[in-house]
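This report concerns the arrangement of secondary structure and the pairing of charged side chains in a single protein chain. Please consult the sequence and the model while reading.

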Amino acid sequence: MSVHDELTSVQRCLDDLARSVGRLEQQIGKGGLEMRRVRADADHLRESVALLRDAASTPVTPKRPDLVTIPDTPYDDSLWIDTDDEGLGARDRRAP
């Protein structure tokens with residue numbers, strides 16, 4: 001099944017759920033906290049599926065990362081003042 005078919009199937013199930021929740025509300029009443037929660041959860045599911053449908057309908061184009069040009073000229077030696085050589089420690093001290 002394609003994504004569109006799956007989303008359509010989910011939408012049909014949510015429509016059935018909404019009808020069932022409506023029938024429950026008629027039998028139990030809308031006032032209870034539990035019923036309001038069930039209604040809110042069903043509405044949130046509908047909103048989430050709508051967002052999924054929108055996301056699936058827009059094609060995702062991979063974005064190429066920006067290229068960074070690295071110059072061939074050597075770096076300025078002043079960048080390395082007061083740095084440690086990895087594994088060797090500071091320049092003016094003995095290695096462990």
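The text below treats the overall architecture, then the helix pair, then the salt bridges.

**Overall architecture**

The model is a predicted one. The protein contains 2 helices and 2 strands, and the order of these elements from the N terminus is α-α-β-β. Of its 96 residues, 9% count as buried. Among contacts with a separation of 6 or more, 53% are made by residues 24 or more positions apart.

**The helix pair**

Helix 1 comprises residues 3–28 and helix 2 residues 33–57. Two packed helices are described by the angle between their axes and the distance between the axes. In this model the axes of helix 1 and helix 2 come within 10 Å and cross at roughly 165 degrees. Angles over 145 degrees count as roughly antiparallel, and helix 1 and helix 2 are therefore roughly antiparallel to each other. Their crossing is left-handed. The residues of the contact between helix 1 and helix 2 comprise 15 nonpolar, 4 polar and 5 charged ones.

**Salt bridges**

Side chains of opposite charge can pair when their charged atoms come close. How many salt bridges does a search of the whole structure find? The search returns 3 salt bridges, and the table lists each pair with the distance between nitrogen and oxygen.

| Acidic residue | Basic residue | N to O distance |
|---|---|---|
| Asp15 | Arg46 | 3.0 Å |
| Asp16 | Arg19 | 2.2 Å |
| Glu25 | Arg39 | 3.2 Å |

Arg46 and Asp15 form a salt bridge, with their closest N and O atoms 3.0 Å apart. Because Arg46 belongs to helix 2 and Asp15 to helix 1, this pair ties together parts that are 31 residues apart in sequence. Arg46 is partly exposed, at a relative accessible area of 31%, and Asp15 is also partly exposed, at 25%.

A salt bridge also joins Glu25 and Arg39, where the closest N and O atoms are 3.2 Å apart. This pair links distant parts of the chain, with Glu25 in helix 1 and Arg39 in helix 2, 14 residues apart. Is Glu25 buried or exposed? With a relative accessibility of 13%, Glu25 counts as buried, the cut-off for this class being under 20%. Its partner Arg39, at 23% relative accessibility, counts as partly exposed.

The salt bridge between Asp16 and Arg19 has an N to O distance of 2.2 Å. Where do these two residues lie? Both Asp16 and Arg19 are in helix 1, 3 residues apart, which is about one turn of the helix. Asp16 is partly exposed, with a relative accessibility of 40%, and Arg19 is likewise partly exposed, with a relative accessible area of 46%.

Technical notes. Residues numbered from 1 in each chain as written. Predicted model: local features only at pLDDT ≥ 70, side-chain atom pairs only at ≥ 80, totals over all residues. Heavy atoms only, no water. Salt bridge = Lys/Arg side-chain N within 4 Å of Asp/Glu carboxyl O. Helix = DSSP H or I, 4+ residues; strand = E, 2+ residues; numbered from the N terminus. Buried < 20%, exposed > 50% of the residue type's maximum accessible area, 1.4 Å probe, protein only. Axes fitted to C-alpha atoms, helices over the stretch in contact; angles between N-to-C directions. Parallel < 35°, antiparallel > 145°, perpendicular 65-115°, else oblique. Left-handed = near helix turned anticlockwise from the far one by under 90°. Nonpolar A, V, L, I, M, F, W, Y, C, P; charged D, E, K, R; others polar. Contact = heavy atoms within 4.5 Å.
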